[in-house]
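Dear colleague,

Please find the structure below, together with its sequence. My notes on the metal sites and the nonpolar cores follow it.

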Amino acid sequence: MKRVIGYGTLAVLVAAGVLVWTMQRQIGEQVFASVAAQRIVSNNLRFDDGLHLVLCGTGSPLPNPDRAGPCNLVVAGDQAYVVDIGEGGARNLNLMGYFIPSTTALLLTHYHSDHVDGIGPLSLLYWTQGTKTAPLPVHGPQGLNVLVEGFNRAYELDRTYRVEHHTSEIVPETGGGLTAIPFEIGEQPVTVIERGGLRITAFRVDHDPVRPSVGYRFDYKGRSIVISGDAAKSDSIAKAARGADILVHDALQPRLVGHITDALDEAGNEAVATITRDILDYHATPEEAAETAQAAGVRHLILSHLVPPIPNAFFYPAFLGDAEDAFDGKITVGEDGMVFSLDPQGEVIERDRLL
Ligand SMILES: [Zn+2]
Ligand SMILES: [Zn+2]
């Protein structure tokens, strides 16, 4: 039966529309106030005991509006480590309700700009939201001092403005910036942190000409997460990831990148076409990441640092290619906001979403 809105109902709807339109300012302010109150209260993300992985950035230097630059958060008991902090990573962590000052330390895999260009916002929020009296600790392989000195120098003026404006009681002068805690790594893996039942091991990966470039393995209460960092297919990853619950691996699909190169060639953009050709040799393909996961016997492979940018899930099969044939476990194409939780001594990998 066809329903027709009567003149009376129509008049009420029009009147309500006019009321909302004329009251837009007041209604907007009311709604904003209640959302703000809710967000401040919920800015207190808590995790059960266990090992947790939050994907705070799954993109790469090629712009993608839905993916921040490389960023992972690993939570183990009462410790929380951010592994790499690309552009937009700190914003994502904030939007997820993660309290940035609860970060134990930042770990860097290497010093390519896309892995460190979110340091400014991360260290600012760590300091100002937490009234921190000491800078954010940063661990990374040799070369870290150059990076940290540079960042501290670049943000020196910003720190003086904020102390003067808010007083050192709110933003202590001794906080702000970064403290470098470099480690030396050769061919053998090194233990970077061992504390409260958590062991973090760094291992070399092949990302030439970036030397050294490392990945990290987290072991906590019988569960394990491995993050490859940027790497071509490396035996060292298969070795370090042996038996891990989760392997987060970078991935570049050459066939799709090839289409970008063809378009650049066509447009006569030789310089950028050269770059899109050069990057093929220092990132694993999804198929190679799957082979590494298979060789390591990991349970779940998560692809991140996706190259090229993948607009939505429709394109995942084109991105994955034959990866699923090469691995018996589960493969997930990483998305910003995904959370994976591993209960102590358990077998379950629980999934959630924060964005
Ligand atoms: Zn890199
Ligand atoms: Zn990168």
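In this predicted model, the zinc ion (ligand 1) is held by four protein donors, namely His110 (NE2), His112 (ND1), His207 (NE2) and Asp230 (OD), at 2.1 to 2.3 Å. Along the chain these donors follow the spacing H-x1-H-x94-H-x22-D. The arrangement is irregular because the 4 donor atoms subtend angles of 93 to 157° around the zinc ion (ligand 1), whereas a tetrahedral assignment would require all angles to lie between 85 and 135 degrees.

Two of these donors come from distant parts of the chain: His112 is in the loop between strand 4 (105-107) and helix 4 (119-130), and His207, 95 residues away, is in the loop between strand 8 (198-204) and strand 9 (214-220). Their accessibilities fall into separate classes. His112 counts as partly exposed because its relative accessibility is 22%, while His207, at 0%, counts as buried.

The second site adjoins this one through a shared residue: Asp230 bridges the zinc ion (ligand 1) and the zinc ion (ligand 2), which lie 3.4 Å apart. The protein donors of the zinc ion (ligand 2) are Asp114 (OD), His115 (NE2), Asp230 (OD) and His305 (NE2), lying 2.1 to 2.2 Å from the ion. Their spacing in sequence is D-H-x114-D-x74-H. This site is irregular too, with angles of 82 to 167° among its 4 donor atoms. Asp114 lies in the loop between strand 4 and helix 4 and His305 in strand 12 (residues 300-307), so this pair ties together parts that are 191 residues apart in sequence. Both Asp114 and His305 are buried.

Turning to the nonpolar cores, the largest has 29 residues, of which Leu73, Leu93, Leu106 and Ile119 touch the most other members. Two or more residues of this core are given by each of strand 1 (51-57), strand 2 (71-76), strand 3 (79-85), helix 3 (89-95), helix 4, strand 5 (136-141) and helix 5 (144-154). Beyond its neighbours within four places in sequence, Ile119 is in contact with Ile85, Leu106, Leu108, Leu147, Phe151 and Leu178. There is also a second, separate core of 28 residues, among them Leu107, Val214, Phe218 and Ile227.

As a general point, nonpolar side chains in soluble globular proteins tend to be buried together.

With kind regards

Terms used:
Residues are numbered from 1 along each chain as its sequence is written. Chains are lettered from A and ligands numbered from 1 in the order in which they are written. This is a predicted model: local features need pLDDT of at least 70, side-chain atom pairs count only at pLDDT 80 or more; totals for chains, interfaces and linings use all residues. Side-chain values use heavy atoms; hydrogens and water are left out. Donors are N, O and S atoms within 2.8 Å of the metal (3.2 Å for Na, K and Ca); water is not among the atoms, so sites may look incomplete. Four donors count as tetrahedral if all angles lie between 85 and 135 degrees; four count as square planar and six as octahedral if opposite donors are over 155 degrees apart and all others between 65 and 115; anything else is irregular. Helices (H or I, at least four residues) and strands (E, at least two) are DSSP runs, numbered from the N terminus. Buried means under 20% relative accessible area, exposed over 50%, partly exposed in between (1.4 Å probe, protein chains only). A nonpolar core is a set of buried Ala, Val, Leu, Ile, Met, Phe, Trp, Tyr and Cys residues joined through side-chain atoms within 4.5 Å. Contact means heavy atoms within 4.5 Å.
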